[in-house]
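Open the model in your viewer and keep the selection tool handy. We will go through it one chain at a time, and then look at where the chains meet.

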Amino acid sequence: MLKKKIKLMVLDDERDICEFVKALFRKKGFSVFSALSGNEAIRKIKKIKPDIALLDIYLKKGLDGLKTLKKIREISPLCRCVMVTWDSAVSKIREAKEMGAVSYLVKPLTITELLRVVYRAVSGIRKRGK
Amino acid sequence: MANPLPEEQEIYERIKKENIIIHPLVWELINHHIRNELHMINLIIGSTALDGEVLSEENARKVLKHSKAIQEFFDELWKVTEKEQGNI
């Protein structure tokens, strides 16, 4: 179990993915919320200030994941953003990293990979002394 | 995992030798649809296995929904590319 509840946000336009990630991390002791669009994510981030955000890049409408990442970096610079997408293009990975993403994961992921990356982000937060 | 075709290795070699490629637009569709659907199936099955639980009927239905989506995607792709397929 986590010492202090880490706040995690998942942004994905696929409702099933949001629900599953929420259920998975709630079981692990996280406080989790989700957004189905970039605009919804920004509204929630302003209010909740998550520690970690899992961001899909390609979204049906509104801001895409990279534009959302840019906004998050302005609003909540300490939030650790992990990109989760099907796009493995090197240029896209570089762009996301340059914009401040801590990790870039290519779908499909295994649960183990997802947990490993999130716990690595948690470890970074703990080291930062938050 | 499906058993390999009897001449699968030869097919791969021919693809490589003859430089047979898939158009980037088709790759974009394949990546988007297949990777997203597989991702969802991985999450459902993976979290069930991780917790040592039995797959619920609700989650089994979700897996079927996502595997059906893969099938529908391939059907659609086949439909729009059929003319160009010809005989291999």
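Select chain B and follow it from its N terminus: in this predicted model, the chain reads α-α-α along the sequence. That makes 3 helices and 0 strands. Now turn the chain to see its outline. The C-alpha trace covers about 50 × 25 × 20 Å along its principal axes. Chain B has a radius of gyration of 17 Å, whereas a compact globule of 88 residues would come out near 12 Å. If you colour by burial, 9% of the 88 residues of chain B count as buried.

Next, pick out α2(B), residues 24–50. How far apart are the end C-alpha atoms of this helix? They are 36 Å apart, which agrees with the 39 Å that 27 residues should span at 1.5 Å a residue. Show the side chains of its buried residues: N36(B), E37(B), H39(B), M40(B), L43(B), I44(B) and G46(B). As you look at their spacing, remember that an α-helix has 3.6 residues a turn, so residues three or four places apart point the same way. Step just past the end of α2(B) and you reach G52(B), whose phi is positive, at about 65 degrees.

Now bring chain A back into view and select the residues where the two chains touch. Chain B puts 14 residues into this contact and chain A puts in 13. Which element gives the most to the side of chain B? It is helix α2(B), with 13 residues. Colour that side of chain B by class and you will find 5 nonpolar, 7 polar and 2 charged residues.

Hide chain B and move on to chain A. Here you can trace the pattern β-α-β-α-β-α-β-α-β-α along the sequence, with 5 helices and 5 strands. The radius of gyration of chain A is 13 Å, close to the 14 Å from the globule rule for 130 residues, so the chain is as compact as a globular protein of that length. Its C-alpha trace spans about 35 × 30 × 25 Å along the principal axes, and 38% of the 130 residues are buried. If you draw a contact map, look away from the diagonal: of the contacts in chain A with a separation of 6 or more, 61% are between residues 24 or more positions apart.

Zoom in on β3(A), residues 52–55. I52(A) and L54(A) point one way from the strand, A53(A) and L55(A) point the other way, and all are buried. On one pairing, β3(A) runs parallel to β1(A), residues 7–11, over 4 bridges; look for L8(A) opposite I52(A). Another 4 bridges join β3(A) to β4(A), residues 80–85, also in parallel, and there A53(A) has C81(A) as its bridge partner.

Keep A53(A) and C81(A) selected, and add L55(A), V82(A) and M83(A): these have the most contacts inside the largest nonpolar core, a set of 40 residues. Helix α1(A), residues 15–27, supplies the largest share of this core, with 6 residues. Centre on L55(A) and you can pick out its contacts beyond four places in sequence, among them L11(A), G65(A), L69(A) and V84(A).

For the last stop, follow the loop from β3(A) towards α3(A) until you reach K60(A). Is K60(A) buried or exposed? K60(A) is exposed, because there are 9 other C-beta atoms within 10 Å, and 12 or fewer counts as exposed. Draw a distance from K60(A) to N39(A): they lie 21 residues apart in sequence and 12 Å apart in space, C-alpha to C-alpha.

Note on methods
Residues numbered from 1 in each chain as written. Chains lettered and ligands numbered in written order. Predicted model: local features only at pLDDT ≥ 70, side-chain atom pairs only at ≥ 80, totals over all residues. Core = buried A, V, L, I, M, F, W, Y, C linked by C-beta atoms within 7 Å. Buried ≥ 20, exposed ≤ 12 C-beta atoms within 10 Å, placed from the backbone. Helix = DSSP H or I, 4+ residues; strand = E, 2+ residues; numbered from the N terminus. Contact = placed C-beta atoms within 7 Å. Nonpolar A, V, L, I, M, F, W, Y, C, P; charged D, E, K, R; others polar. Rg over C-alpha atoms; globule rule 2.2 N^0.38 Å. Expected span 1.5 Å × (residues − 1). Pairing = 2+ DSSP bridges.
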